[in-house]
Amino acid sequence: MKTTYDFIIIGGGSAGSVLAGRLSEDPSADVLLLEAGGSDRHPFYHLPAGFAKMTKGIGSWGWDTVPQRHMQNKVFRYTQAKVIGGGSAINAQVYTRGNARDYDEWRQMGCTGWGYEDVLPYFRKAEDNASLENRYHGKGGPLGVSDPRAPLPVCEAYFEAAAELGIPRNYDVNGEKQDGVAYYQLTQRNVRRSSAAMAYVAPNRHRENLTVKLGAQVRRIVVENGRATGVELVDGTRLRAESEVLLCSGAIGSPRLLQLSGIGPADELASLGIDVVFDQPEVGSNLQDHLDLYCISELSGPYSYDRYAKPHWAALAGLQYLFGRKGPVASSLFETGGFWYADPEARSPDLQFHLGLGTGIEHGVVSMPQGGITLNSCYLRPRSRGSVRLRSDDPAKAPLIDPNYLQDPLDREMSIRGLKLTQEILSQSALRKYILAERLPGPDVRTDEDYFDFICTHSKTSHHCAGTCRMGADPGAVVDPTLRFNGIEGLRVVDNSIMPRVISSNTNAAAIMIGEKAADMIRAAHGG
């Protein structure tokens, strides 16, 4: 491998894969993509239902949060991808973009060029949508986006149950309105996962100007005379970037690497024995995430995919997928959901639902022996802010991840309202044919204190972390609206850590959009 390139991309996740594909379109640009994780050859990375294996350890760093002091010291498994494609290789493939107001608020906060009308063309540019082409959706892009192939009858009953409560059906939550229950579109092509790596990197590995190195963990970003000039790997290898270093390691990985490089809160870095290169107190601050709560109901018959956990049924599922691209293997297992209101006066939906076509799908979530369904809810605009800090100067050590869930009392109130609404939906007459009984939270949970105790045991991350390298126009912002690091030349951060506020939905589509927009800005800055 050479030691000098024009662009060095740190992190082959959603945004990093986009940058690798787009920047290497210019044959004069020499691009190196470094990914600490391994390949995505295992079939679990490509089968839609493989998601069920992901939160339980496959393709993950295996990190946990610090005890959450506002949730009775609960510790959360915090799945962070360690594989080419990043989160897009291990997520539930749900393709939602957030609400138009999210991006308009970014613009109002000083992030010029990031309003909804500014970012919409990049969402469309990325898409190869199998069923939609209009003002909101595009065809011919690298990323496969398609409708679910394997919903079950209970999904339609869920829509009818929501309607009984006045929640309408929505046929495109990424279109004109976000409100309502819906089948989500998925990042899939031909009933296979379309990760950012499969969309942007795999088709372009033949390019002579694109080098992809897996298993390459970066020890630090090298800064000389106020400019990022390259990287040092954990094995001591030094690599030089003639144009820019592009940090794409995600909302946890990017602030972690900056701090390991001596870029962050000076007092904290010095206390760990790290030489301070640049004092930036906000690196690793402003962590936001959606806390996921769930209601689980046991079913009166084989109406979910739970029975396929048994070996003989699993074998049948494999055959269904192999010969017909249908059945449980063709399902992301969370392809039904929607958006509604905890606060009726909210400016747009502030709750999101995901209907799980089974139980025990994710790490730490209980399963029903007779089969069941899971309805998740999360409050979309939390006020609580957490942090990512270093445990030590050793890059092998996990960082201190503190989402600081429910620090703000409003987050607690709205989260409980969302959980109560999931119970109401599952109790409607349209679902009585399918549901035997609610098992969690169950009839013993009645008061708000009961609900709080329940969620301190039964809750999880939504895997939507963001905000730790905040974009803005103010002096304290980590990056400016072109994603250049404020105070260090030749360095940009390109991933969900730049979000000033987390968007009101799943975050993967936005990460891909950020990569697309950043690629254009980078090319423009270098005469491309």
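Two strands are said to pair if DSSP finds at least two bridges between them, and the close-up views below apply that criterion to a predicted model.

**View 1. Strand β18 and its partner β6 in the predicted model.** Strand β6, which spans residues 180-183, runs antiparallel to β18 and is joined to it by four bridges. Within this pairing, Y183 stands opposite T336, a residue of β18. Strand β18 itself covers residues 336-340 and is mostly covered, since four of its five residues are buried.

**View 2. Strand β18 and its partner β19.** Strand β19, made up of residues 351-356, pairs with β18 in the antiparallel sense, and five bridges connect these two strands. Here W340 is the residue that stands opposite L351 in β19.

**View 3. The surroundings of C456.** A search of the whole structure finds zero disulfides, and C456 illustrates this on the basis of distance: its sulfur lies 17 Å from the closest cysteine sulfur, that of C378, which is too far for a bond, because a disulfide requires a pair of cysteine sulfur atoms within 2.5 Å. With a relative accessibility of 7%, C456 counts as buried, because the term applies under 20% relative accessible area.

**View 4. The surroundings of C469.** C469 likewise takes part in no disulfide, and the nearest cysteine sulfur, which belongs to C248, is 11 Å away. The relative accessibility of C469 is 0%, so this residue counts as buried.

Note on methods: Residues numbered from 1 in each chain as written. Predicted model: local features only at pLDDT ≥ 70, side-chain atom pairs only at ≥ 80, totals over all residues. Heavy atoms only, no water. Buried < 20%, exposed > 50% of the residue type's maximum accessible area, 1.4 Å probe, protein only.
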